[in-house]
Amino acid sequence: MELNSDIIIIGAGPAGLAAANRASEHGLDTVLFEKQYEIGYPVRTSGGSYIADMKEFRIPSKFYNPIRKVIFGTFKSNIEFCYKKDTACILDTRSIYQYLANRAAEKGCNIQVGVDAKDIMFDGSNVTGVKVVRAGREVTARSKIVIDCSGFSAISARKFKMLGKGPARFGSGVEYEAYVEHVDKRTAMLFVGSEVAPTGYVWVFPLSDHKVRIGVGVTKPDSKLSPLPLLDNLIAKRPAILEDLGRITPTEMHSGVIPVEPVINKVTTNGLILVGDAACQANPVVGEGIRPALRFGFLAADVSAKAIEHSNMSLLQVYEKESAKAAKHNKIGLMLQRNMANYSDKEWEKSIHKLGKLSEKDFLNLMKADFSNKNLLKILAKSPSFFIKQALK
Ligand SMILES: Cc1cc2nc3c(=O)[nH]c(=O)nc-3n(C[C@H](O)[C@H](O)[C@H](O)COP(=O)(O)OP(=O)(O)OC[C@H]3O[C@@H](n4cnc5c(N)ncnc54)[C@H](O)[C@@H]3O)c2cc1C
């Protein structure tokens, strides 16, 4: 069986859904393949993000819980950043992904769930389509451009050796979505330190007055530990700062992995674009990948529309350049992340004290891995040890 279209998108995570939306808006004949049977399920993320970006991407506010205060630190000492207005947010990702899928379908996108993209077709100079399998039957799907948004599977990067053997360093996380007796729904919490999550962190992200996502992430291979026992241990031995939550009753368990590697050097070839985790575009400081996946998904479709209109694949270079700009920020973020992964509890105590001197805005830029020269200088001035140890190495 054969299928022909302008654009094929592999994967209906945030990257693929953004690309599908924009490609269909451009009037391109677009096919989106998702190997799972449901879009937005299983949940593999805790959904921490930022309101300004969600507004820019036209995500309705009913799909996220706004956050005004962030608590960061160890269980013994921590700092608080209070924002004058709601700044961060916790996304209801399942609803957002479903919403984006419907928005794309309305514009004519051909969405096919339960379809596994097995191989990228390449004729020696151009990518020509994808071989997919649905219910055991192989289908040859041809297109002018393939946008690979397959996340950690990164199927085309692995095929074309852009990633070598695949990411050696990755974050592995498990969280419970849980009923709790009380939570301040405007406060998100992030904890670090050896008793919490060696080489990683714990997050407590509220969704409503009685619902939180509480999870543990560890960086592999820096830590051999699995996040689930750490999470269960945390809930069993509830530290004082989490006492207020009262009874914690999990109603869902989510888990997943995220590359903690530099952005891939070459994210396009003739007829192929890599987006999101498939291109290692996530912010490595806190493993935040939804915002970059959406941003680069939209851009990939814009650039593809131009390349198809002018029958000129060299126009994909625009995407390459934008990804390279983000790569610079990610490189610094990665350095920081590697540094933090090796922090002792003593070093954390010292650093938390210094980080407490950052303004609300600077702390936000640090979390977002927004390392423009100006921002970087401010962070270095207040908390140099964060970077210097790694730089010396
Ligand atoms: C535990 C955890 C917590 C996280 N918390 C946050 C957070 O708070 N905030 C944040 O911004 N980010 C967070 N992230 C990271 C974020 O989830 C990812 O960076 C983001 O989802 C990447 O989007 P993506 O579209 O590139 O890939 P994905 O979301 O992984 O989507 C890829 C899609 O491709 C599909 N697919 C894969 N292979 C194939 C194939 N062969 N054929 C067809 N379909 C295929 C998959 O089924 C999936 O639907 C977290 C990650 C983890 C693991």
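**Exercise 1. Determine which domains contribute at least three residues each to the shell around the ligand, and how the shell divides by residue class.**

Solution. In this predicted model, the shell around the ligand takes at least three residues from domain 1 (2–45 + 93–167 + 262–326) and at least three from domain 2 (65–92 + 169–259). The next step is to sort the shell by class, which gives 13 nonpolar, 15 polar and six charged residues. Turning to proximity, the shell comprises 34 residues, where a heavy atom within 4 Å is the criterion, and those that come nearest are Glu34, Ser46, Gly48, Ala117 and Asp277.

**Exercise 2. Describe polar contacts of the ligand with Arg44, Ser46 and Gly47, then state how much of the ligand the protein buries and which elements give two or more residues to the shell.**

Solution. Begin with the side chains: an N or O atom in the side chain of Arg44 is 3.2 Å from an oxygen atom of the ligand, while a polar side-chain atom of Ser46 lies 2.8 Å from a ligand nitrogen atom. Continue with the backbone, where an N or O atom of Gly47 lies 3.3 Å from an oxygen atom of the ligand. These pairs fall under the cut-off for a polar contact, which is 3.5 Å between N or O atoms. For the burial, the ligand taken alone exposes 1000 Å², and the protein buries 92% of that area. Finally, the elements that give two or more residues to the shell are helix H1 (14–25), strand S2 (30–34), strand S9 (115–122), strand S16 (248–259) and helix H6 (290–309).

**Exercise 3. Establish the strand order of the open sheet that contains S16, identify its edges, and examine the pairing of S12 with S15.**

Solution. The open sheet has seven strands in the order S6-S5-S13-S14-S15-S12-S16, and its pairing is mixed. Its edge strands are S6 (78–82) and S16, each of which pairs on one side only. With direction ignored, neighbouring strands of this sheet are turned by 15° against each other on average. Within the sheet, S12 (residues 170–180) and S15 (residues 211–220) pair in the antiparallel sense over ten bridges, and Val174 has Val216 in S15 as its bridge partner.

**Exercise 4. Characterise the hairpin formed by S9 and S10, including its turn.**

Solution. First, consider the pairing: S9 and S10 (residues 127–134) run in the antiparallel sense over seven bridges, and Phe122 stands opposite Val127 in S10. Then consider the turn, in which four residues lie between the two strands and Gly124 has a positive phi of about 105°. To link this hairpin with the ligand, recall that S9 is among the elements giving two or more residues to the shell.

Key. Residues numbered from 1 in each chain as written. Predicted model: local features only at pLDDT ≥ 70, side-chain atom pairs only at ≥ 80, totals over all residues. Heavy atoms only, no water. Polar contact = N/O pair within 3.5 Å; in protein donor to acceptor, adjacent residues only side chain to side chain. Areas by Shrake-Rupley, 256 points an atom, 1.4 Å probe, with all protein chains shown as cover. Nonpolar A, V, L, I, M, F, W, Y, C, P; charged D, E, K, R; others polar. Domains from an automatic or database assignment. Pairing = 2+ DSSP bridges. Axes fitted to C-alpha atoms, helices over the stretch in contact; angles between N-to-C directions.
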